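Dear colleague,

I am passing on to you the structure that we talked about, and below it I have written out what was found in it. Please keep it open beside this message as you read.

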Amino acid sequence: MTPNHKTPALEQDIVTDFGSRMSYGAYLDLDTLLSAQHPVSRPERHDELLFIIQHQTTELWLKLVLHEIRAARAALDADDIGVALKGIARVKHIQQTLTEQWSVLATLTPTEYAQFRDFLGNSSGFQSHQYRAIEFILGNKNAAVLPVFESAPAAHEELATLLREPTLYDALWRHLARTGLDVPRSTLDRDVTEPHVLDPELLTLVQSIYEAPEQHWSTYEAFEELVDLEENFQLWRFRHLRTVLRVIGSSGGTGGSSGAGFLRRALDHTFFPELFAVRTWTGH
């Protein structure tokens, strides 16, 4: 440092006394957040912190995704499709962040992961109740997974409730029926505890909308937003699969699943089957 160099002073109005004021750290509860990483490897392995933070940040984003999708469903129930689509647009940006995040975990080599993997026991991302909640509210209902969460009563109750509730897709069709669209009863009266499967009557309706989008523009736009939402979800699943293959190959998952094989099968699932099937119909 030269003799004439002076460290710049803080701007005069910057607050420095937080004895009685809320600080950034207090607002975000950073003492709790930054002390929530507890590596279990012994001796502690350097790369385990990456593994923990990757999954913790994913859970934070999943919390926001679920918050936004619930709000979008409520907006459709209130016949405010504009608010619903705004929420879905935000979810799409979160999904992009979640997908890009896999590139950080992919820096973990098989050798580095092996140094702490055995310490994880049977803990697995399969046990993420928030991920399962998002699948339920989007339409992939599966009561068979509920026993996985019996040791966590709050999570189990949340999933049991979502199992009984209409999905985002159900809410959209009920909204459209109230606007005068001739939605088939097979869709409106379906058992919402079951996953939505392709309904030929509904597919015929969807085809009519895609054949004349200018007459049903808001509905057509809503369909395409859901297509984006599902495509982003599939891209996230695919990136997850590729990261698993890169780190552990075809080894089984810590939670007892087949690992990459389990993830590969998930790529075959669709939340909104009519919106993808119409692409085969359109133009024929």
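With a relative accessibility of 40%, Asp29 counts as partly exposed. Before going further, please bear in mind that this is a predicted model, and that the values below were computed from it.

Asp29 is a good place to begin for another reason, since its phi is positive, at about 50 degrees, although the residue is not a glycine. Its place is in the loop between H1 and H2. Most residues other than glycine have a negative phi, and most peptide bonds are trans. Asp79 likewise has a positive phi without being a glycine, with a value near 60 degrees, and this residue is found just after H3, in the loop between H3 and H4. Asp79 counts as partly exposed, because its relative accessibility is 39%. As for the peptide bonds, a cis bond joins Arg42 and Pro43, with an omega of about -5 degrees, and Pro43 lies in the loop between H3 and helix H2 (30-33).

Helix H3 itself allows a small check that you can follow by hand. This helix covers residues 48-77, which is 30 residues, and at 1.5 Å a residue it should span 44 Å; the C-alpha atoms at its ends are 44 Å apart, so the two values agree.

On the surface, Met22, Tyr24, Tyr27 and Leu28 make a nonpolar patch of about 540 Å². One of these residues, Tyr27, lies in helix H1 (residues 24-28), and because its relative accessibility is 63%, Tyr27 counts as exposed.

Turning to the aromatic rings, how many aromatic pairs does a search of the whole structure find? The search finds 15 of them. In one pair, the rings of Trp102 and Trp236 have their centres 5.6 Å apart and their planes at 50 degrees, so this pair is described as tilted. The pair links distant parts of the chain, because Trp102 belongs to helix H4 (residues 81-105) and Trp236 to helix H11 (residues 217-248), 134 residues apart. Both Trp102 and Trp236 are buried. Ring pairs also link these two residues into a cluster whose members include Tyr131, Tyr169, Trp173 and Phe233. Phe233, which lies in helix H11, is buried as well, with a relative accessible area of 8%. Although Phe233 and Leu267 are 34 residues apart in sequence, their C-alpha atoms are 9.4 Å apart in space.

The charged side chains give a further set of contacts. Side chains of opposite charge can pair when their charged atoms come close. A search of the whole structure finds 12 salt bridges, and three of them are described here, each with one partner in helix H11.

In the first that I would look at, Lys92 pairs with Asp228, and the closest N and O atoms are 2.9 Å apart. Lys92 lies in helix H4 and Asp228 in helix H11, so this salt bridge ties together parts that are 136 residues apart in sequence. Lys92 counts as buried at 15% relative accessibility, whereas Asp228, at 27%, counts as partly exposed. These two residues also belong, together with Glu225, to a network of salt bridges.

Another salt bridge is formed where the side chains of Arg237 and Glu135 meet, at 2.3 Å from N to O. Since Arg237 lies in helix H11 and Glu135 in helix H6 (residues 129-138), the pair ties together parts that are 102 residues apart in sequence. Which of these partners is buried, and which exposed? Arg237 is buried, with a relative accessible area of 4%, and Glu135 also counts as buried, at 2% relative accessibility.

Lastly, Arg279 forms a salt bridge with Glu224, in which the closest N and O atoms are 2.6 Å apart. This pair, too, links distant parts of the chain, with Arg279 in helix H13 (residues 273-281) and Glu224 in helix H11, 55 residues apart. Arg279 is partly exposed, with a relative accessible area of 38%, and Glu224 counts as partly exposed at 26% relative accessibility. The charged end of Arg279 also sits over the ring of Phe276, 5.9 Å from the centre of that ring.

With best wishes

Key
Residues are numbered from 1 along each chain as its sequence is written. This is a predicted model: local features need pLDDT of at least 70, side-chain atom pairs count only at pLDDT 80 or more; totals for chains, interfaces and linings use all residues. Side-chain values use heavy atoms; hydrogens and water are left out. Helices (H or I, at least four residues) and strands (E, at least two) are DSSP runs, numbered from the N terminus. The expected span of a helix is 1.5 Å times one less than its number of residues. Rings of Phe, Tyr and Trp (its six-membered ring) pair if their centres lie within 6.5 Å; planes under 30 degrees apart count as stacked, over 60 as edge-to-face and the rest as tilted. Buried means under 20% relative accessible area, exposed over 50%, partly exposed in between (1.4 Å probe, protein chains only). A charge sits over a ring if NZ of Lys or CZ of Arg is within 6 Å of the ring centre and within 35 degrees of the ring normal. Patches are made of residues with over 30% relative accessible area and no salt bridge: like charges are joined within 9 Å, nonpolar side chains (Val, Leu, Ile, Met, Phe, Trp, Tyr) within 5 Å. Accessible areas come from the Shrake-Rupley method with a 1.4 Å probe; for residues, only the protein chains shown count as cover. A salt bridge is a side-chain nitrogen of Lys or Arg within 4 Å of a carboxyl oxygen of Asp or Glu.
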